[in-house]
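Here are a few exercises to work through with the coordinates loaded in your favourite viewer. Try each task before you read its solution.

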Amino acid sequence: MLRKLYDWVFSLARHRHATRSLAVVSFAESSFFPVPPDVMLAPMVLARPDRAYHYAMVCTLASVLGGLLGYAIGYFLEPVGMWMLSLLGKAQTFEASKALFQEHGAWVILIKGLTPIPFKLITIASGIFQFNLALFIALSVITRGGRFFLVAFVLKTWGAPMLAVIEKRLALFTVLFVVALIGLIFAVKLVGH
């Protein structure tokens, strides 16, 4: 079933309304849909490298808006949010996740938003744990934009072979990004003092 859904989303990338479909998939993936928008973004960028950053922007904006729906599900409809988390196999780690969010919520959103972990887990959990909404939006823009613009940049610049290298070493690239982000924050704090 999931494979058929994946193939269907991939086929939307060749449709004449592909950009609208990309926005819908990006929105839905952030709150309830199981297939990531990268499935559409990659072939669209490869087909039209001149529109790479436009597609990345569409993904980012729609994903953040969809993230707000996921946040609202967790915040206003906690039982529904918990049910969705249980479908994804994450409800049993609720207490551990709550403690992690209370102590390191911003880092959880930044790191997990870049990885292939379904973003809906983060958006729904952020609502359930009543994470600061303005900070949630800002972090979602950074992390989702970073992910989609990186995919667009890599595919526009080096094509599909480089994307395969990044996917194979995704954990390493995520760690490098987090280290660079921590370094940037540290440098800004030093300059501010």
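**Exercise 1. Find what G70 touches, then place the residue in the fold.**

Step 1. Leaving out residues up to four places away in sequence, G70 touches S30, S31, T123 and I124, where a contact means heavy atoms within 4.5 Å. Before going on, note that this is a predicted model, in which local features need pLDDT of at least 70 and side-chain atom pairs count only at pLDDT 80 or more, while totals for chains, interfaces and linings use all residues. Residues are numbered from 1 along each chain as its sequence is written, and side-chain values use heavy atoms, with hydrogens and water left out.

Step 2. Now the element: G70 sits in helix α4, residues 52–76. Helices here are DSSP runs of H or I with at least four residues, strands are runs of E with at least two, and both are numbered from the N terminus.

Step 3. Check the exposure. G70 has a relative accessible area of 0%, so the residue is buried. The cut-offs are under 20% for buried, over 50% for exposed, and partly exposed in between, with a 1.4 Å probe and protein chains only.

Step 4. Try a C-alpha distance as well: G70 and L121 lie 51 residues apart in sequence and 8.4 Å apart in space.

**Exercise 2. Describe the chain as a whole.**

Step 1. Count the elements: the protein chain has 10 helices and zero strands.

Step 2. Look at burial and contacts. Of the 193 residues, 41% count as buried. Among contacts with a separation of 6 or more, 76% come from residues 24 or more positions apart.

Step 3. Add the surface. The accessible surface of the protein chain is about 10,700 Å², and carbon and sulfur atoms hold 71% of that. Areas come from the Shrake-Rupley method with a 1.4 Å probe; for residues, only the protein chains shown count as cover.

**Exercise 3. List the salt bridges and sort their partners by exposure.**

Step 1. Search the whole structure, and you get three salt bridges. The criterion is a side-chain nitrogen of Lys or Arg within 4 Å of a carboxyl oxygen of Asp or Glu.

Step 2. Take E29 and R144, whose closest N and O atoms are 2.8 Å apart. This pair links distant parts of the chain, with E29 in helix α2 (residues 18–29), R144 in helix α8 (residues 133–158) and their positions 115 residues apart. Both E29 and R144 are buried.

Step 3. Go on to R147 and D38, with closest N and O atoms 2.6 Å apart. Here too distant parts are linked: R147 belongs to helix α8 and D38 to helix α3 (residues 38–47), 109 residues apart. R147 is at 10% relative accessibility, so it counts as buried. D38, at 17%, counts as buried too.

Step 4. Finish with R48 and D50, whose side chains meet at 2.9 Å, N to O. R48 has a relative accessible area of 38% and is therefore partly exposed, whereas D50 is exposed at 55%.

**Exercise 4. Work out how α7 is covered.**

Step 1. Count the burial: 10 of the 10 residues of α7 are buried. Among them are F119, L121 and I124.

Step 2. Ask what does the covering. The list includes α2, α4, α5, α6 and α8.

Step 3. Follow one contact from α8. S140, which is found in that helix, touches V64, I109, F119 and G145, not counting residues up to four places away in sequence. S140 has a relative accessible area of 0%, so it is buried.

Step 4. See what comes after the helix: Q130 follows α7 and has a positive phi, near 55°.

**Exercise 5. Characterise the second largest pocket.**

Step 1. Get the volume, about 290 Å³. A pocket is an open set of points on a 1 Å grid over the protein atoms alone, where a 1.4 Å probe fits, with protein on both sides within 12 Å along at least five of seven lines; lining residues have an atom within 4 Å of a point. The volume is the space filled by probe spheres set on the points, which are joined across faces, edges and corners.

Step 2. Of the 16 lining residues, K90, T93, S97, L121 and I122 are the closest to the pocket's centre.

Step 3. Assign the lining to elements. Those giving two or more residues are α5 (78–87), α6 (94–114) and α7 (119–128), and α6 gives the most, with six.

Step 4. Sort the lining by class: 12 nonpolar, two polar and two charged residues. Nonpolar covers Ala, Val, Leu, Ile, Met, Phe, Trp, Tyr, Cys and Pro, charged covers Asp, Glu, Lys and Arg, and the others, Gly among them, are polar.
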